[in-house]
Amino acid sequence: MSKTAVKDETQRSSDLQQSLAGKYLTFALASEEYGLPVLRVREIIKMMDITAVPQVPHYVRGVINLRGKVIAVVDLRLKFNLEAMPAGDRTAIIVVELDLPAGRTLVGVLVDAVSEVLNIVPDEIEPTPTFGAQVDTTFMLGVAKVKGTVKILLDLNQVFEAEGALPRVA
Amino acid sequence: MPEGANLSQSDIHQLIFKPGFSTADKVTEISGRGVGMDVVRRNIEALRGRIEIQTEVGQGTTFSIKLPLTLAIVEGLLLRVGEQRFVMPTFSIRESLRPAPDRVHSVQGVPRMIQVRDSLLPLISLAQVFGIRDAIANPCEATVVVIEDDGRFVALLVDQLIGKQEVVVKSLGPAFQNVRGVAGGAILGDGKIGLILDAGGVISLRDRATAHAA
């Protein structure tokens, strides 16, 4: 790479680090750890009964009653093609705010356990590595190395936008 | 309020809704700032309602909140299938019955048709449509609800008719806009959600199901 190209790359990289830095809510899915921008998180609730709705993709578990509002719940394990697991005592639903074409929507995300809110500084952020054509990484904002662990920073809108995750049944 | 102003009883009562108005000596964590009643009134007015106060010293106070029925409300029959409950709008229901064994006709071992008087109606098992496992399979031990949409009559197999109820229709959100057979959700008395069925959609689901089976 030429000198200017290398400089551009470093500039882009540090711009990315600056823009991604901030507070993230971290949670666990199987052995993987993820982070969600904390400003998108509305609330965290314990696992509750989910009313199943027909004709939806397998990762849409159904709907729940959140103080009078009916919101959809998505099982992130299933969405990421991980093995389904029965709910444990740390299973939680993170209620997030999405900016969808239909407008601002609240969606519940089912995760194995909620960890903590971390303030991630630019130095800890790495751009998403390329794993080759096999792995779709559009939903990853980047990767953070914190306290020796790696957290995958999620772009929620992408998780739900890609292949119309919120179902459009014909 | 100028001194000596002449106020009617109800004007005086309405004073408590003024922001900042408080009769508390001390301000605590949750009261005393003159905010609460103002919030109450604003919220009621946002719903185009009214709040009235009737009070008598030493006797007690009645707050009357009047709200218009602008929310979408549907009257339906509550149906139980296994552990789940559904709401079928009353206007789609024609009758309900428990068929005698000689009125149930099977195709390849599965009950598929119910004879009601002179008509032979296709039987749709809600348990099968919604993937509910612990439902009653034998129509003669369950309940059959005949629904109609646009001239088409269909028999629905459910466990039990629980009762009639008026429910507030809650939209399921953009995620479920195109789910056929379900018009929305209702929050039932115990806080659980009962899916509100749409007769036309349920009937067309049967058509799709048979197409897949074929």
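**Entry 1: a lysine and its partner**

I started with B:Lys66, which is partly exposed, with a relative accessible area of 41%. A note to myself before going on: this is a predicted model.

Which residue does B:Lys66 form a salt bridge with? I found B:Glu52, with the closest N and O atoms 3.1 Å apart. The pair links distant parts of the chain, 14 residues apart: B:Glu52 sits in strand 1 (residues 50-56) of chain B, and B:Lys66 in strand 2 (residues 60-66) of chain B. B:Glu52 is partly exposed, with a relative accessible area of 30%.

**Entry 2: salt bridges elsewhere**

Over all chains I counted 21 salt bridges in the structure, and I picked a few to follow up.

B:Arg117 forms one with B:Glu95, and here the closest N and O atoms are 2.8 Å apart. These two also come from distant parts of the chain, 22 residues apart: B:Arg117 is in the loop between strand 7 and strand 8 (119-125) of chain B, while B:Glu95 is in strand 5 (residues 93-97) of chain B. I looked up how open each one is. B:Arg117 counts as exposed, at 56% relative accessibility, and B:Glu95 counts as partly exposed, at 23%. In chain A, I came across a network: A:Arg40, A:Arg42, A:Glu97, A:Asp99 and A:Arg104 are joined by salt bridges that share partners.

**Entry 3: an aspartate in a helix**

Next I turned to B:Asp38, in helix 2 (residues 36-46) of chain B. Is B:Asp38 buried or exposed? I noted 8% relative accessibility; the limit for buried is under 20%, so B:Asp38 counts as buried.

B:Asp38 has a salt bridge too, with B:Arg42, the closest N and O atoms being 3.1 Å apart. Both residues lie in helix 2 of chain B, 4 residues apart, about one turn of the helix. The spacing makes sense to me, because an α-helix has 3.6 residues a turn, so residues three or four places apart point the same way. Setting aside neighbours within four places in sequence, I found B:Asp38 in contact with B:Phe17 and B:Pro19.

**Entry 4: the two chains, side by side**

I then listed the make-up of each chain. Chain A has 3 helices and 11 strands, and its elements run α-β-β-β-β-β-α-β-β-β-β-β-β-α from the N terminus on. Of its 170 residues, 44% are buried. Chain B has 4 helices and 13 strands, and 36% of its 214 residues count as buried.

How many of the contacts join residues that are well separated in sequence? Looking at contacts with a separation of 6 or more, I found that residues 24 or more positions apart account for 55% in chain A. The matching figure for chain B is 50%.

**Entry 5: strand 6 and helix 1 of chain A**

Strand 6 (residues 92-100) of chain A is mostly covered, with 8 of its 9 residues buried. I checked its partners. Strand 3 (residues 41-46) of chain A pairs with strand 6 in the antiparallel sense over 5 bridges, and A:Val41 has A:Val96 as its bridge partner. Strand 7 (residues 103-111) of chain A also runs antiparallel to strand 6, joined to it by 9 bridges; there A:Ile93 stands opposite A:Leu110.

I tested helix 1 (residues 3-20) of chain A against a simple expectation. At 1.5 Å a residue, its 18 residues should span 26 Å, and the end C-alpha atoms are 26 Å apart, which agrees. After this helix comes A:Gly22, with a positive phi near 150°.

**Entry 6: where the chains meet**

Last, I looked at the interface. In it, 20 residues of chain B are in contact with 23 residues of chain A. The two chains bury about 1800 Å² between them, 64% of it on carbon and sulfur atoms. Which residues of chain B lose the most area to chain A? They are B:Pro174, B:Phe176 and B:Ile193, together 31% of what that side buries.

I found 1 salt bridge between the chains: the side chains of B:Lys192 and A:Asp49 meet at 3.9 Å, N to O. I also noted 3 residue pairs in polar contact across the interface. Helix 3 (126-130), strand 12 (182-187), strand 13 (193-197) and helix 4 (199-213) of chain B each supply at least two residues of the side that touches chain A.

Notes
Residues numbered from 1 in each chain as written. Chains lettered and ligands numbered in written order. Predicted model: local features only at pLDDT ≥ 70, side-chain atom pairs only at ≥ 80, totals over all residues. Heavy atoms only, no water. Buried < 20%, exposed > 50% of the residue type's maximum accessible area, 1.4 Å probe, protein only. Pairing = 2+ DSSP bridges. Expected span 1.5 Å × (residues − 1). Contact = heavy atoms within 4.5 Å. Buried area = accessible area lost by both parts, 1.4 Å probe. Salt bridge = Lys/Arg side-chain N within 4 Å of Asp/Glu carboxyl O. Polar contact = N/O pair within 3.5 Å; in protein donor to acceptor, adjacent residues only side chain to side chain.
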